[in-house]
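Trainee: I should like to take a close look at one part of this protein, namely a place where two helices pack against each other. Would you please describe it in full?

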Amino acid sequence: MPFTPFHMGPALAAKAVLGRHFSLPIYGFTQVAIDSEVLAGYPFRRDLSFHRVMHTFAGATAAAALTLLLRPAIARGMNLWNRSTKATPGSPWHMEPQVSPLAAVLSAFGGAWGHVLLDAPTHSHMEPLVPIARGNPLNGMASQREIIGWCVGLAVVEGSAMLARSYLKGSRTAGKGPHCRGAARSSR
Ligand SMILES: [Zn+2]
């Protein structure tokens, strides 16, 4: 599978810890940018295990930089999502298009470098340290099942906590009357 939702598990954990200093959409964009390499190579190789340039720390750094350059377009995408889903600030599905520079950097580089760390143990042909060193020192450090287990576990625990917090925050805001509803803010 070229784009895996399991990688969003660690992102949910990071979001729970860092709050507004982490952006799930920006993290998610780096996952798609890096795995586009797998999809782009498929018509020529008929092989979904193609993890080369973008699946190195150098390539991932370029993907993070590209993501930061595309921040305005990503923000427009978030606005479009909010309008089409009618997600308002405070709702669990609202995406906050206003992302601070710190949050953007943490999310882009955390997502890009984390992607390499999550893929390298189970893809023996990856060479994450190219051009500095050949080979894959991370290969075999964890099985596919272990990595997916950790990702799903983090997603379930942290995702549940986030939804509960969002629900409680919404309940408190609603209880204060309509003049306070605008104060609710989602920090996706
Ligand atoms: Zn990948």
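Mentor: The following account goes from the whole chain to one pair of helices. This is a predicted model, in which local features need pLDDT of at least 70 and side-chain atom pairs count only at pLDDT 80 or more, while totals for chains, interfaces and linings use all residues. Residues are numbered from 1 along each chain as its sequence is written.

The protein has six helices and zero strands, and along the sequence its pattern reads α-α-α-α-α-α. Here helices (H or I, at least four residues) and strands (E, at least two) are DSSP runs, numbered from the N terminus. Of the 188 residues, 30% count as buried; a residue is buried if 20 or more other C-beta atoms lie within 10 Å of its own, exposed if 12 or fewer, and partly exposed in between, with C-beta atoms placed from the backbone.

The pair to examine is α3 (residues 57-69) and α5 (residues 101-119), whose axes come within 9 Å and cross at roughly 150°. Axes are lines fitted to C-alpha atoms, for helices over the stretch in contact, and angles run from 0 to 180 degrees between N-to-C directions. α3 and α5 are therefore roughly antiparallel to each other, a term for angles over 145 degrees. Their crossing is right-handed, meaning that the near helix is turned clockwise from the far one by less than a right angle.

On the α3 side, the contact is made by Phe57, Ala60, Thr61, Ala63, Ala64, Thr67 and Leu68. On the α5 side, Ala104, Val105, Ala108, Phe109, Ala112, Trp113, His115 and Val116 take part. Two residues are in contact if their C-beta atoms, placed from the backbone, lie within 7 Å. The residues of this contact divide into twelve nonpolar, three polar and no charged; Ala, Val, Leu, Ile, Met, Phe, Trp, Tyr, Cys and Pro count as nonpolar, Asp, Glu, Lys and Arg as charged, and the others, Gly among them, as polar.

Consider Thr61, which is found in α3. Thr61 counts as partly exposed because 15 other C-beta atoms lie within 10 Å. Thr61 and Trp113 are 52 residues apart along the chain, yet their C-alpha atoms are separated by 7.2 Å.

As for α5, its 19 residues reach 27 Å from the first C-alpha to the last, close to the 27 Å expected at 1.5 Å a residue. The buried residues of α5 include Ala104, Ala108, Ala112, His115 and Val116.

Terms used
Angles under 35 degrees count as roughly parallel, over 145 as roughly antiparallel, 65 to 115 as roughly perpendicular and the rest as oblique. The expected span of a helix is 1.5 Å times one less than its number of residues.
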